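I opened this notebook to record what I looked up, one entry per topic. The sequence and structure come next, and my entries follow.

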Protein chains: 2
Amino acid sequence: MGVPDDQLHAEIAARLRAHGLRVTAPRIGVVMALERTPHADADTVARQVRKSLGAVSTQAVYDVLHALTEARLVRRIEPAGSPARYETRVGDNHHHMVCRECGVVADVECAGEAVPCLNPGPTHGFVVDEAEVTFWGTCARCHTSESTETSLIKENG
Amino acid sequence: MGVPDDQLHAEIAARLRAHGLRVTAPRIGVVMALERTPHADADTVARQVRKSLGAVSTQAVYDVLHALTEARLVRRIEPAGSPARYETRVGDNHHHMVCRECGVVADVECAGEAVPCLNPGPTHGFVVDEAEVTFWGTCARCHTSESTETSLIKENG
DNA sequence: CGGATAATCTGGAACTAGTCAACTAAGCGC
DNA sequence: GCGCTTAGTTGACTAGTTCCAGATTATCCG
């Protein structure tokens, strides 16, 4: 929020290098877009990147997102019914709340202390390495406008 | 497993009627397919239905699945990276384990007692009505063949 | 600094899951 | 059985994403 662009730029470049990735304009752009707009989908990212860099191919965006995901620099989430979304918050096990009306995604700190959800009980031989929790419901905005009815056409990101 | 086809057939017909749905061959077929193959995707369902009924349009299958989901007769799950899957187990809050390798889905009883994960903490105004938990990992089969089958290079996690 | 090398990027085509719309066929209450 | 209403058929179409082949470009290493 308060970080100037070129400082962020340098910081991201360092992050890329730290993960063994080459530093390229699209990559910086993609990460910057995600820093600014968490939970953005590929298309939103592409548009944001183009706004700051000019022409960038869709494939480049997908490719970068894929590379970043592989490198664990971004995390890919895919709530049912919406295209894949990406976020730069990695390494902590936070979860997500998704609005059924408008699809907006919000982070939730794993309320419980010791990852209570990570123990699936009898695993039928599965080796579990991650527990993903998605809370479904209605966001404040939609919940309100639902009572008031009509209007709303989603603007939140 | 032990239930003969026409008994299942009748039982499903009753279930459909109980939910105010007309009884049609494709609908019976779809539910039967899901009883036999839980967590099947639309395509798998379509193929199974066609095997027993002959020609059934893809659209019909989607339509039926949609109707059944609406009527809460089946539940739709959508693990990231795979097409939508359906199951007839509804009404209990079990969760799923998904294999990263082969995509197979297994049911998990909600191990915890009082749905520990259902409390997202500060909800930012969200009204949560469902918590969906997905455990990601490697199924027994893939886990075994991974160690045995050598080759598989990737190791970094 | 100046290649050599391999990773990236481009543009377009293709593929999969799923939707829409207009029409026909079938279920079921009378 | 009759006919209203809901289902199913067909076929074109969209969104999201991936694949392919060739042009670019960042890094490595001397």
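**Entry: helix 2 and helix 3 of chain B**

I looked up how helix 2 of chain B and helix 3 of chain B lie against each other in this predicted model. They pack at an angle of about 120°, and their axes are 9 Å apart. An angle from 65 to 115 degrees would count as roughly perpendicular. Helix 2 of chain B and helix 3 of chain B are therefore oblique to each other. I noted their crossing as right-handed.

Next I listed the residues in this contact. Helix 2 of chain B brings B:Ala25, B:Pro26, B:Gly29, B:Val30, B:Ala33, B:Leu34 and B:Arg36, which meet B:Val45, B:Gln48, B:Val49 and B:Leu53 of helix 3 of chain B. Sorted by class, the residues of this contact are eight nonpolar, two polar and one charged.

**Entry: helix 3 and helix 4 of chain B**

I moved on to helix 3 (residues 42–53) of chain B and helix 4 (residues 58–70) of chain B, which pack at about 115° with axes 10 Å apart. That makes helix 3 of chain B roughly perpendicular to helix 4 of chain B. Helix 3 of chain B passes helix 4 of chain B in a right-handed crossing.

Which residues of the two helices meet? From helix 3 of chain B I wrote down B:Ala42, B:Val45, B:Ala46 and B:Arg50, and from helix 4 of chain B I wrote down B:Thr58, B:Val61, B:Tyr62 and B:Leu65. I counted six nonpolar, one polar and one charged among the residues of the contact of helix 3 of chain B with helix 4 of chain B. B:Val45 also appears in the contact of helix 3 of chain B with helix 2 of chain B.

**Entry: helix 1 and helix 2 of chain B**

I then checked helix 1 (residues 5–18) of chain B against helix 2 of chain B. Their axes come within 10 Å and cross at roughly 115°. The crossing of these two helices is right-handed. On the side of helix 1 of chain B, the contact is made by B:Asp5, B:Leu8, B:His9, B:Ile12, B:Ala13, B:Arg15 and B:Leu16. On the side of helix 2 of chain B, I found B:Arg27, B:Ile28, B:Val31, B:Met32, B:Glu35 and B:Arg36. By class, this contact has seven nonpolar, one polar and five charged residues. B:Arg36 also takes part in the contact of helix 2 of chain B with helix 3 of chain B.

**Entry: DNA strand C**

Which residues come nearest to DNA strand C? Of the 19 residues around this strand, they are A:Thr24, A:Ser57, A:Gln59, A:Ala60 and B:Gln59. Of the strand C atoms within 4 Å of the protein, 59% belong to sugar or phosphate and the rest to bases.

I picked out three polar contacts. The side chain of B:Gln59 has an N or O atom 2.4 Å from a base nitrogen of DNA strand C. The side chain of B:Tyr62 has an N or O atom 3.0 Å from a phosphate oxygen of the strand. For B:Val23, a polar backbone atom is 3.1 Å from a phosphate oxygen of DNA strand C.

I also asked where the surface near DNA strand C comes from. Helix 2 (25–36) and helix 4 (58–70) of chain A, along with helix 4 of chain B, each supply at least two residues. Helix 4 of chain A gives the most, with three residues. By class, I have ten nonpolar, four polar and five charged residues for this surface.

**Entry: DNA strand D**

I repeated the search for DNA strand D. It has 18 residues around it, of which A:Tyr62, B:Thr24, B:Arg27, B:Ser57 and B:Ala60 come nearest. Sugar and phosphate account for 67% of the atoms of DNA strand D that come within 4 Å of the protein.

A polar side-chain atom of A:Arg22 lies 3.4 Å from a base nitrogen of DNA strand D. An N or O atom in the side chain of A:Tyr62 is 2.8 Å from a phosphate oxygen of the strand. For the side chain of B:Thr24, I noted 2.7 Å between an N or O atom and a phosphate oxygen of DNA strand D. The elements that give two or more residues to this surface are helix 4 of chain A together with helix 2 (25–36) and helix 4 of chain B. The largest share, three residues, comes from helix 4 of chain B.

Notes. Residues numbered from 1 in each chain as written. Chains lettered and ligands numbered in written order. Predicted model: local features only at pLDDT ≥ 70, side-chain atom pairs only at ≥ 80, totals over all residues. Heavy atoms only, no water. Axes fitted to C-alpha atoms, helices over the stretch in contact; angles between N-to-C directions. Helix = DSSP H or I, 4+ residues; strand = E, 2+ residues; numbered from the N terminus. Parallel < 35°, antiparallel > 145°, perpendicular 65-115°, else oblique. Left-handed = near helix turned anticlockwise from the far one by under 90°. Contact = heavy atoms within 4.5 Å. Nonpolar A, V, L, I, M, F, W, Y, C, P; charged D, E, K, R; others polar. Near = heavy atom within 4 Å. Polar contact = N/O pair within 3.5 Å; in protein donor to acceptor, adjacent residues only side chain to side chain.
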